[in-house]
Amino acid sequence: MPHQPPTERRNPASASIDRLDTLPLLELINDQDAIVAGAVRAALPQLAALVDAALAVLAGGGRIHYYGAGTSGRLALGDAVELGPTYGVGPDTVVAHLAGGPGAGGRAREDAEDHAPEEPPGAAPTAADLVIGITASGRTPYVAAALRAARAAGAATALLSNDPAAPLAELADLHVVLDTGPEVVTGSTRMKAGTAQKLALNAFSTALMVRSGRTWSNLMITASTHNAKLRERAVRTLATACEVPEPVAAEALAAADHETPTALVALVAGVGPAEARAALAVAGGHPWSAVKSLTSRQVTP
């Protein structure tokens with residue numbers, strides 16, 4: 001018999017779901033959703049290894065690629081897109097590839113998952129990159145083709161799936177398993193499988209950004225400052241981080257050409273923007289290391 005992914009099996013707990021009143025129906029769904037956090041927790045050692053692999057790729061000038069179809073692809077697309085305004089990451093740092101193209105983000109293209117990715121010039125992975133395939137079933141042809149192409153190009157590969165026995169695991173250097181089991185409605189992977197994928201992707205990208213020096217304590221310091229509202233938020237962040245009045249923070253931000261990390265290092269270390277910017281460059285963008293290089297006093301965010 002062909003291998004059947006857990007997400008395609010029937011869930012005995014929901015066999016009578018179509019005869020339940022609304023509240024018991026919602027309680028059943030919620031009980032099943034409670035499985036998700038534990039499944040993600042069990043995958044954290046593999047997820048940590050994936051973060052560390054991604055850090056090494058970024059340090060070497062490479063890119064992170066997400067490949068997915070349907071729900072998985074749309075979740076990956078959302079995760080990648082949100083890194084820009086949240087952490088100031090350019091679109092070539094974490095690149096999302098969705099079966100059916102960008103248009104499939106708003107209108108489902110079920111047929112697209114059966115075909116190999118069609119890459120525009122310059123978008124295909126290289127040997128310097130990391131390719132992460134995201135698929136609940138662990139067997140999606142679109143993801144399989146992407147992983148094979150990545151292997152051929154010499155890129156590092158990983159699989160994020162909801163099947164411990166995923167057939168595509170053999171194409172991945174690392175398999176992150178989110179073992180959420182059968183869905184409350186058989187095969188509806190936008191439920192537990194999709195929720196687990198969102199949690200894992202959010203955790204992966206957030207850890208990657210924090211480890212890359214894009215926060216100070218738990219404050220976002222590389223968020224976009226491309227409009228007045230975002231600049232006001234950056235001022236509040238600086239005022240909080242550096243424990244200075246907002247007018248002082250605003251002045252420092254303007255002097256640093258609206259580069260929040262530069263303004264922060266300048267304020268904390270008591271140096272000018274040029275010196276702060278240079279220290280950040282030497283520290284690989286890590287504000288904590290930059291401050292330590294500029295001052296010997298104890299600094300506590």
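Biologist: Why is Asp 129 called buried?
Modeller: Its relative accessible area is 3%. Buried means under 20%. So Asp 129 counts as buried. Keep in mind that this is a predicted model.

Biologist: What about Arg 63, buried or exposed?
Modeller: Arg 63 has a relative accessible area of 15%. That is under 20%, so Arg 63 is buried.

Biologist: What makes the contact between Arg 63 and Asp 129 a salt bridge?
Modeller: Their side chains meet with N and O 3.1 Å apart. The rule asks for a side-chain nitrogen of Lys or Arg within 4 Å of a carboxyl oxygen of Asp or Glu. The pair fits, so the name applies.

Biologist: Which parts of the chain does that pair tie together?
Modeller: Arg 63 lies in the loop between α2 (44–59) and β1 (64–68). Asp 129 lies in the loop between β2 (94–98) and β3 (130–135). The pair therefore ties together parts that are 66 residues apart in sequence.

Biologist: How many salt bridges does the rule count?
Modeller: The count comes to six.

Biologist: How do you know that Arg 151 forms a salt bridge with Asp 173?
Modeller: The closest N and O atoms are 3.3 Å apart. The cut-off is 4 Å, so the pair qualifies. Arg 151 sits in helix α4 (residues 141–153), and Asp 173 in the loop between β4 (156–161) and β5 (174–177). They are 22 residues apart.

Biologist: Why is Arg 151 called partly exposed?
Modeller: Its relative accessible area is 36%. Partly exposed lies in between 20% and 50%. So the label fits Arg 151.

Biologist: What makes Arg 277 and Glu 259 a salt bridge?
Modeller: N to O is 2.8 Å, and the limit is 4 Å, so the pair counts. Arg 277 lies in helix α9 (residues 273–282), and Glu 259 in the loop between α7 (246–255) and α8 (260–269). The pair thus links parts that are 18 residues apart in sequence. Salt bridges with shared partners also join Asp 257, Glu 259 and Arg 277 into one network.

Biologist: How many aromatic pairs does the rule find?
Modeller: It finds three aromatic pairs. One of them is Tyr 66 with Phe 204, 6.4 Å centre to centre.

Biologist: Why is the pair of Tyr 66 and Phe 204 called tilted?
Modeller: The angle between the planes is 55 degrees. Under 30 degrees would be stacked, and over 60 edge-to-face. The angle falls in neither range, so the pair is tilted. Tyr 66 is in strand β1 and Phe 204 in helix α5 (residues 192–211), so the pair ties together parts 138 residues apart. Both residues are buried.

Biologist: And what makes Trp 216 and Trp 288 an aromatic pair?
Modeller: Their centres are 5.5 Å apart. The limit is 6.5 Å, so they pair. With 45 degrees between the planes, this pair is tilted too.

Biologist: Which of these residues counts as buried, and which as partly exposed?
Modeller: Trp 216 is buried, at 3% relative accessibility. Trp 288 is partly exposed, at 35%.

Biologist: Where is the protein chain divided into domains?
Modeller: Domain 1 covers 6–212 and domain 2 covers 217–298. Between them they bury about 450 Å².

Biologist: How many salt bridges are counted between domain 1 and domain 2?
Modeller: Zero. The rule does find three residue pairs in polar contact across the interface.

Definitions and conventions:
Residues are numbered from 1 along each chain as its sequence is written. This is a predicted model: local features need pLDDT of at least 70, side-chain atom pairs count only at pLDDT 80 or more; totals for chains, interfaces and linings use all residues. Side-chain values use heavy atoms; hydrogens and water are left out. Helices (H or I, at least four residues) and strands (E, at least two) are DSSP runs, numbered from the N terminus. Buried means under 20% relative accessible area, exposed over 50%, partly exposed in between (1.4 Å probe, protein chains only). Rings of Phe, Tyr and Trp (its six-membered ring) pair if their centres lie within 6.5 Å; planes under 30 degrees apart count as stacked, over 60 as edge-to-face and the rest as tilted. Domain bounds come from an automatic or database domain assignment. Buried area is the accessible area (1.4 Å probe) that two parts lose on being put together, summed over both. A polar contact is a pair of N or O atoms within 3.5 Å; within protein, one must be able to donate a hydrogen and the other to accept it, and residues adjacent in sequence count only if both atoms are side-chain atoms.
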